Amino acid sequence: MAAYCQVTQTGPQFGHNVSHAQNKTKRRFDPNIQKKTYFVPSLGRKVTLNLSARGIKVIDARGIDSVIAELSARGEKF
């Protein structure tokens, strides 16, 4: 599963591990991705999404119907 949120479109970010001696090595910051299943009344079925923690909060605030409408408008598979 790729580290990608379907709602917020958040992917991995890149940076450095920095030691006490200021040696820098590459590292990757992955978002907190979780697989969640929601029942969508407008579709009449369950939908499974890969979401970050912030994406879950967006669905809680705006509602699953409006988020699914936005996802389908931009052509996202769910």
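The following dialogue examines how the terms applied to this predicted model rest on computed values.

Trainee: What are the ground rules for the numbering and for the model?

Mentor: Residues are numbered from 1 along each chain as its sequence is written, and side-chain values use heavy atoms, with hydrogens and water left out. The model is predicted, and local features need pLDDT of at least 70, side-chain atom pairs count only at pLDDT 80 or more, and totals for chains, interfaces and linings use all residues.

Trainee: Why are β3 and β4 called paired strands?

Mentor: Strands (E, at least two residues) and helices (H or I, at least four residues) are DSSP runs, numbered from the N terminus. Two strands pair if DSSP finds at least two bridges between them. Eight bridges join β3 (residues 33–40) to β4 (residues 45–52), so the pairing criterion is met. The strands run antiparallel, and T37 has T48 of β4 as its bridge partner. Four residues lie between the strands of this hairpin, and G44 in the turn has a positive phi of about 75 degrees.

Trainee: How do you know that β1 and β2 also pair?

Mentor: Strand β1 (residues 13–18) and strand β2 (residues 24–29) are joined by six bridges in the antiparallel sense, so they too satisfy the definition. The bridge partner of G15 in β2 is R27. Five residues separate the strands of this hairpin.

Trainee: What makes the phi of Q22 notable?

Mentor: Most residues other than glycine have a negative phi. Q22, in the loop between β1 and β2, has a positive phi of about 65 degrees although it is not a glycine. Q9, in the segment before β1, likewise is not a glycine and has a positive phi of about 55 degrees.

Trainee: Is Q6 called buried or exposed, and why?

Mentor: Buried means under 20% relative accessible area, exposed over 50%, and partly exposed in between (1.4 Å probe, protein chains only). The value for Q6 is 9%, so Q6 is buried. By contrast, Q9 has 45% and is therefore partly exposed. P31, in the loop between β2 and β3, has 18% and is therefore buried.

Trainee: What makes the approach of Q6 to N50 a distance within the polar-contact limit?

Mentor: A polar contact is a pair of N or O atoms within 3.5 Å; within protein, one must be able to donate a hydrogen and the other to accept it, and residues adjacent in sequence count only if both atoms are side-chain atoms. A polar atom of the Q6 side chain lies 2.8 Å from the backbone nitrogen of N50. The backbone oxygen of K77 also lies 2.8 Å from a polar atom of that side chain. Both values are therefore within the limit.

Trainee: Why is the set containing V7 and L49 called a nonpolar core?

Mentor: The term denotes buried Ala, Val, Leu, Ile, Met, Phe, Trp, Tyr and Cys residues joined through side-chain atoms within 4.5 Å. The largest such core has 14 residues, of which V7, Y38, L49, L51, I59, I64 and I68 touch the most other members. At least two residues come from each of β3, β4, α1 (53–62) and α2 (64–73), and α2 gives the most, with four.

Trainee: How is the packing of α1 and α2 described?

Mentor: Their axes are 6 Å apart, at an angle of about 120 degrees; axes are lines fitted to C-alpha atoms, for helices over the stretch in contact, and angles run from 0 to 180 degrees between N-to-C directions. Contact means heavy atoms within 4.5 Å, and here V58, I59 and R62 of α1 meet I64, S66, V67 and E70 of α2.
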